Amino acid sequence: MLYLNDHISNLDIESALGLLPPERIEHVLSYRRISDRRQHVAAWLLLRHGLLKEYGLAEVPPLAYGPSGKPLFPTHPHIHFNLSHCSEGAICALSCEAVGVDIERIRTYDEKLAQYTMNEQEMQEINASADPATSFICFWTMKEAVLKCDGSGIRNDMRGVLSGNEPLTSADCRYVYSVCGWGNDISPCHPCLFP
């Protein structure tokens, strides 16, 4: 299941902090910019909401981290999740199998970054696109979703990441998100708004 909040500028951080465990509050308050705090809180609230709706869990279980830093629930190993956020929104993916999700704001196209991270076929598609900025962000989010799904994270050689992987991708005029799940239980996004 996917949960999305693309109205995070409306999020009341003061009210929302009461819904977070102490270690998350400390983490949120470590961000200096209010926008960064808001994004992190929005993603956590989506996780909390999704766990309640899908699994009946009123609280987020304690977190642990795998060898490459991917978060997991040691007390609920059957629940897999991934979070992402940007200035335009936050997203949470929940699954019974490994899952990765990424959301990115559409920004000015950076051809040098594209050439460094995209293979030849991807560059051809981006350059042939009527909107290279959105096309690049689509590829970028797909690659990040794949890497987050397998737990390897961003790496130096991003060009071959999509070989054989086809993440679900959706674009809005402000952002693009992609989700990669090895299972078949990924459902369309459920918009969520929190006070």
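Buried means under 20% relative accessible area, exposed means over 50%, and partly exposed is in between, using a 1.4 Å probe and protein chains only. Keep that handy as you click around. This is a predicted model, where local features need pLDDT of at least 70, side-chain atom pairs count only at pLDDT 80 or more, and totals for chains, interfaces and linings use all residues. Residues are numbered from 1 along each chain as its sequence is written, and side-chain values use heavy atoms, with hydrogens and water left out.

**The whole chain**

Start with the protein chain in cartoon view. You should find six helices and nine strands; helices (H or I, at least four residues) and strands (E, at least two) are DSSP runs, numbered from the N terminus. Of the 195 residues in the protein chain, 46% are buried. Switch on the surface: its accessible area is about 9900 Å², with 53% of that belonging to carbon and sulfur atoms. That area comes from the Shrake-Rupley method with a 1.4 Å probe, and for residues only the protein chains shown count as cover.

**Leucine 83**

Now select leucine 83, which is in strand 4 (residues 80–86). Is leucine 83 buried, exposed or partly exposed? It counts as partly exposed, because its relative accessibility is 22%. Show what surrounds it: beyond its neighbours within four places in sequence, leucine 83 is in contact (heavy atoms within 4.5 Å) with Ala43, Leu47, Ile91, Cys92, Val101 and Lys148. Add leucine 2 to the selection as well; the two leucines are 81 residues apart in sequence, yet their C-alpha atoms are 9.8 Å apart.

**The largest core**

Leu47 is a good bridge to the next stop. The largest nonpolar core has 25 residues, and Leu20, Val41, Leu47, Leu51, Phe73 and Leu94 touch the most other members. Helix 1 (13–17), helix 3 (34–55) and strand 5 (89–95) are the elements that each give two or more residues to this core. Helix 3 gives the most, with eight residues. A nonpolar core here is a set of buried Ala, Val, Leu, Ile, Met, Phe, Trp, Tyr and Cys residues joined through side-chain atoms within 4.5 Å. In soluble globular proteins, nonpolar side chains tend to be buried together.

Zoom in on phenylalanine 73. Setting aside neighbours within four places in sequence, phenylalanine 73 is in contact with Leu47, Leu51, Val60, Pro61, Pro62, Leu63, Ile79 and Phe81. There is also a second, separate core of 22 residues, and its members include Met123, Val146, Leu147 and Met158.

**Helix 2 against helix 3**

Colour helix 2 (residues 22–29) and helix 3 differently. They pack at an angle of about 155°, with axes 9 Å apart. Axes are lines fitted to C-alpha atoms, for helices over the stretch in contact, and angles run from 0 to 180 degrees between N-to-C directions. The pair is therefore roughly antiparallel, a label for angles over 145 degrees. For the side chains, show Arg24, His27, Val28 and Leu29 in helix 2, which meet Arg37, His40, Val41 and Trp44 in helix 3.

**Past the end of helix 3**

Move to glutamate 59, in the loop between helix 3 and strand 2 (64–65). Glutamate 59 counts as exposed because its relative accessibility is 52%. The C-alpha atoms of glutamate 59 and histidine 49 are separated by 9.1 Å.

**Asparagine 5**

Jump back to strand 1 (residues 2–5), where you will find asparagine 5. Asparagine 5 is buried, at 1% relative accessibility. Its side chain reaches the backbone nitrogen of histidine 7 at 2.9 Å, a polar contact (a pair of N or O atoms within 3.5 Å; within protein, one must be able to donate a hydrogen and the other to accept it, and residues adjacent in sequence count only if both atoms are side-chain atoms).

**Helix 6 and strand 8**

Finish with helix 6 (residues 132–150), where you can pick threonine 134. What does the side chain of threonine 134 join in a polar contact of 2.6 Å? The partner is the side chain of aspartate 131. Threonine 134 is buried, with a relative accessible area of 15%.

Next, select valine 176 in strand 8 (residues 175–181). Valine 176 is buried at 0% relative accessibility, and its C-alpha atom is 7.6 Å from that of threonine 134. Among the residues valine 176 touches are Ile106, Thr134, Ile137 and Ala171.

Last, click alanine 145, also in helix 6. Alanine 145 is buried, with a relative accessible area of 0%, and touches Gly100, Val101, Asp102, Ser178, Val179 and Cys180, not counting residues up to four places away in sequence.

Conventions. Angles under 35 degrees count as roughly parallel, over 145 as roughly antiparallel, 65 to 115 as roughly perpendicular and the rest as oblique.
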